[in-house]
Amino acid sequence: MTRFLFDGPDTAPVTILLAHGAGAPMDSASMAATAKALAAAGFRVARFEFHYMAARRYGHRKPPPRAESVNPEYIKAIADLRAKGVTGKLIIGGKSMGGRVASMVADEMFAKGEIAGLVCLGYPFHPPAKPEQLRTKHLADLKTPTLIFQGTRDEFGTKDEVATYGLSAAIEVVWLEDGDHDLKPRKAISGFSTADHLKMVAETIKARLAPSTSSS
């Protein structure tokens with residue numbers, strides 16, 4: 001059974017399932033802050049870890065696997081979340097690699113009525129300094145309603161680069177001013193804090209993918 005960390009009201013009408021990025025666990029400061037911001041907006045948030053990351057808690061330092069290889073783990077996490085009694089509308093997503101994996105299983109789950117939408121926080125469109133190694137092929141025909149939140153300083157995909165990718169009409173890219181790959185801005189330059197950006201993330205998800213959610 002997948003282990004989850006929960007935030008937000010257990011009576012929330014919408015749950016957001018989030019996977020971590022390649023290098024940091026589900027309880028990293030970035031993931032925790034994101035979960036708390038979403039919970040404050042009235043969502044129930046469930047975080048989980050892929051096996052390689054969970055193994056690190058027991059001293060097994062495994063490198064991140066190919067993202068495609070953990071697709072079954074994400075599908076199992078959805079089933080395990082439902083098995084724990086989580087009902088209602090479900091949005092899936094994650095940070096960086098976690099969002100990428102979610103995007104690869106989204107259409108299958110959306111077609112089955114398992115999920116209502118997809119949220120990617122800092123999508124890794126390509127490895128840093130390797131813009132030719134695109135990870136966008138499956139995004140051209142994506143059917144699932146999708147929000148990608150990207151910092152304008154994200155070295156995994158700049159605003160100018162992303163504008164040329166020919167993404168599906170189901171995808172809306174929301175740009176966060178001066179945000180890096182963790183969506184973190186330099187406040188002295190942008191005037192925004194990470195908390196400001198995370199609040200915008202939560203409010204945008206609520207408005208676009210879950211308009212019936214009420215704040216708590």
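S193 sits in the loop between helix 6 (187–190) and helix 7 (194–208), in a model that is predicted. When neighbours within four places in sequence are left aside, the contacts of S193 are P185 and K187. Against S103, from which S193 is separated by 90 residues in sequence, the C-alpha to C-alpha distance is 27 Å.

**Helix 7**

The loop that holds S193 leads to helix 7. Helix 7 is made of 15 residues, and the 21 Å from its first C-alpha to its last is close to the 21 Å expected at 1.5 Å a residue. Its buried residues are H197, L198, V201, A202, T204, I205 and K206, and what covers the buried residues of helix 7 includes strand 2, helix 1 (29–40), strand 4, strand 5, strand 6 (146–151) and strand 7.

**Helices 3 and 4**

Helix 4 covers residues 97–111, and the 22 Å between its end C-alpha atoms agrees with the 21 Å that 15 residues should span at 1.5 Å a residue. Helix 4 nevertheless bends, by about 45°, at V105. V105 is itself one of the buried residues of this helix, alongside M97, G98, G99, R100, V101, A102, S103, A106 and M109. These buried residues pack against strand 2 (14–19), helix 2 (51–56), helix 3 (71–83), strand 4 (89–95) and strand 5 (117–121). After helix 4 comes G113, which has a positive phi near 80°.

Helix 3 has 13 residues, which should span 18 Å at 1.5 Å a residue, and the 19 Å between its end C-alpha atoms agrees with that expectation. In helix 3 the buried residues are N71, E73, Y74, A77, I78, D80 and L81, and their cover includes strand 1 (4–7), strand 2, strand 3 (44–48), helix 2, strand 4 and helix 4. Helix 3 is followed by G85, with a positive phi near 95°.

The three helices can be set side by side.

| Helix | Residues in helix | Span between end C-alpha atoms | Expected span |
|---|---|---|---|
| Helix 3 | 13 residues | 19 Å | 18 Å |
| Helix 4 | 15 residues | 22 Å | 21 Å |
| Helix 7 | 15 residues | 21 Å | 21 Å |

Which residues does N71 touch, not counting those up to four places away in sequence? N71, which is found in helix 3, touches V101, M104 and V105. The last of these, V105, is the residue at which helix 4 bends. N71 counts as buried because its relative accessible area is 15%, under the 20% cut-off.

**Pockets**

The largest pocket has a volume of about 230 Å³. Of the 13 residues that line this pocket, T2, R3, E49, H51 and A54 are the closest to its centre, and the elements that give two or more residues to the lining are helix 2 and helix 3. By class, the lining of the largest pocket divides into six nonpolar, two polar and five charged residues.

The second largest pocket, with a volume of about 150 Å³, is lined by G21, A22, G23, A24, S28, S30, M31, K95, S96, H181 and D182. Its lining has three nonpolar, six polar and two charged residues.

**The loops on either side of strand 7**

Two residues in the loop between strand 7 and helix 6, D178 and L183, call for attention to their backbone. Most residues other than glycine have a negative phi. D178, although not a glycine, has a positive phi of about 65°, and L183, also not a glycine, has a positive phi of about 70°. Are these two loop residues buried or exposed? D178 counts as buried because its relative accessibility is 6%, and L183 likewise counts as buried because its relative accessibility is 3%.

A163 is placed in the loop between helix 5 (159–162) and strand 7 (171–176). With a relative accessibility of 66%, A163 counts as exposed, since the cut-off for that class is over 50%. Along the chain A163 is 156 residues from D7, and the C-alpha atoms of the two are separated by 34 Å.

Methods: Residues numbered from 1 in each chain as written. Predicted model: local features only at pLDDT ≥ 70, side-chain atom pairs only at ≥ 80, totals over all residues. Heavy atoms only, no water. Helix = DSSP H or I, 4+ residues; strand = E, 2+ residues; numbered from the N terminus. Expected span 1.5 Å × (residues − 1). Bend = angle between axes of the 7 residues up to and from the residue. Buried < 20%, exposed > 50% of the residue type's maximum accessible area, 1.4 Å probe, protein only. Contact = heavy atoms within 4.5 Å. 1 Å grid on protein atoms, 1.4 Å probe; cavity = no way out; pocket = protein on both sides within 12 Å on 5 of 7 lines; lining within 4 Å. Points joined across faces, edges and corners; volume = space filled by probe spheres on them. Nonpolar A, V, L, I, M, F, W, Y, C, P; charged D, E, K, R; others polar.
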